[in-house]
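Trainee: I would like a close look at a single part of this protein, followed outward into its surroundings. Could you take me through it with some care?

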Amino acid sequence: MDRQAEKALVGETAAIQYVKDGMTVGLGTGSTAFYVIKTMGEMIKAGMNLKGVATSKATEKLASEYGIQLVDINEVEELDIAIDGADEIDANFFAIKGGGGALLREKIIASAAKTFIVVADGSKKVQTLGHFPLPVEVVPFGYKQTEKAIQKLGCKTELRMKDEEIYLTDNGNYIIDCSFSSIQNPKQLHQTLNNIVGVVENGLFIHMVDVLISVNKQDEIIVDIAKNE
Ligand SMILES: O=C(CO)[C@H](O)[C@H](O)COP(=O)(O)O
């Protein structure tokens with residue numbers, strides 16, 4: 001199965017197995033989350049009553065195209081579930097997210113969900129996090145100072161660009177992509193990064209993922225459940 005087919009399979013499976021009539025669902029961002037949104041659109045057409053809270057402006061647009069009524073995150077007490085993709089995920093269910101630049105809203109929405117489900121094609125499962133550059137969202141003011149402080153943690157940094165302009169997140173911030181090669185202590189790095197002045201949030205999701213839906217080498221769907229408190 002190619003990667004695109006795996007994304008479609010995990011996205012559809014997550015929606016079919018976990019989205020129930022009447023739910024308001026946290027809607028992820030990216031090419032795998034796309035299949036969750038598409039499947040939810042089909043479920044709505046078939047008569048289900050579903051709403052969504054979007055993790056990005058791109059997802060807001062997509063969800064509207066698929067007929068999913070959007071709710072403001074501030075209007076919900078708690079979400080039953082949120083379903084999102086990941087850039088990397090390890091055996092502890094620790095993940096790197098933010099390849100699509102939506103890490104802050106994704107983390108807020110994942111935190112608001114009783115169950116946070118990650119949908120991932122086989123390439124996303126890793127032994128050690130860090131091959132994928134870790135996205136760190138920073139405020140534009142003094143970003144070069146913030147970048148220097150991040151570099152002291154032993155990574156190469158790159159300010160994210162788009163069409164030759166500095167990439168702006170949906171929150172009006174910048175992203176610094178940090179190449180660590182391998183992250184030996186993701187928990188500690190998460191805390192250290194978020195303690196740097198100017199850092200808004202980083203793409204490490206620690207003890208957040210409750211369910212991982214992926215595909216194995218035999219093209220079978222694998223549902224792994226984390227032992228989070
Ligand atoms: O964190 C994300 C966006 O900020 C995405 O979930 C992550 O980049 C995976 O994307 P894709 O499903 O397109 O591979």
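Mentor: What follows begins with one helix and then moves to the parts around it. The model is a predicted one, and every statement below should be read with that in mind.

The part I would choose is helix H4, residues 103-111. Of its 9 residues 7 are buried, so the helix is largely enclosed by the rest of the structure. The buried residues of H4 are Leu103, Leu104, Arg105, Glu106, Lys107, Ile109 and Ala110, a list in which Arg105, Glu106 and Lys107 count as charged.

Glutamate 106 deserves the closest attention within that helix. UniProt, in an unreviewed entry, places the feature "active site" at Glu106, and the residue has its place in helix H4. With 31 other C-beta atoms within 10 Å, glutamate 106 is buried, because the cut-off for a buried residue is 20 or more such atoms. If neighbours within four places in sequence are left aside, glutamate 106 is in contact with Gly28, Thr29, Thr55, Asp84 and Lys97.

The ligand has its own shell of residues, which can be described separately. There are 18 residues around the ligand, and those that come nearest are Gly30, Thr32, Gly85, Gly99 and Gly100. By class, the shell around the ligand divides into 10 polar, 4 charged and 4 nonpolar residues, with glycine counted among the polar ones.

Helix H4 also has a part in how the domains meet. The domain assignment gives domain 1 as 3-123 + 206-216 and domain 2 as 134-200, and the C-alpha centres of these two domains lie 24 Å apart. Each side brings residues to the contact, 12 from domain 1 and 12 from domain 2. On the side of domain 1 that touches domain 2, helix H4 gives the most, with 3 residues. That side of domain 1 is made up of 6 nonpolar, 4 polar and 2 charged residues.

From the contact one can turn to the nonpolar interior. The largest nonpolar core has 59 residues, and Val36, Ile37, Met40, Val118, Val119 and Val209 are those with the most contacts inside it. Helix H2, residues 33-45, supplies the largest share of this core, 7 residues. The core draws at least three residues from each of the two domains, domain 1 and domain 2. Methionine 40, one of the residues with the most contacts inside the core, touches Ala15, Val19, Val25, Leu50, Tyr66 and Ile68 when residues up to four places away in sequence are not counted.

For contrast with the buried helix, a few residues elsewhere can be set beside it. Histidine 207 lies in the loop between strand S14 (204-205) and strand S15 (211-215), and although it is not a glycine, histidine 207 has a positive phi of about 55 degrees. This histidine 207 counts as partly exposed, with 13 C-beta neighbours inside 10 Å. Aspartate 219, in the loop between S15 and strand S16 (221-225), likewise is not a glycine and has a positive phi, of about 65 degrees. Aspartate 219 counts as exposed, with 11 C-beta neighbours inside 10 Å. Aspartate 2, in the segment before helix H1 (3-18), is exposed as well, with 8 other C-beta atoms within 10 Å. From C-alpha to C-alpha, aspartate 2 and aspartate 121 are 9.3 Å apart in space, while 119 residues separate them in sequence.

Methods. Residues numbered from 1 in each chain as written. Predicted model: local features only at pLDDT ≥ 70, side-chain atom pairs only at ≥ 80, totals over all residues. Near = placed C-beta within 6 Å. Domains from an automatic or database assignment. Contact = placed C-beta atoms within 7 Å. Helix = DSSP H or I, 4+ residues; strand = E, 2+ residues; numbered from the N terminus. Core = buried A, V, L, I, M, F, W, Y, C linked by C-beta atoms within 7 Å. Buried ≥ 20, exposed ≤ 12 C-beta atoms within 10 Å, placed from the backbone. UniProt positions renumbered as here; feature names shortened; annotations may be inferred.
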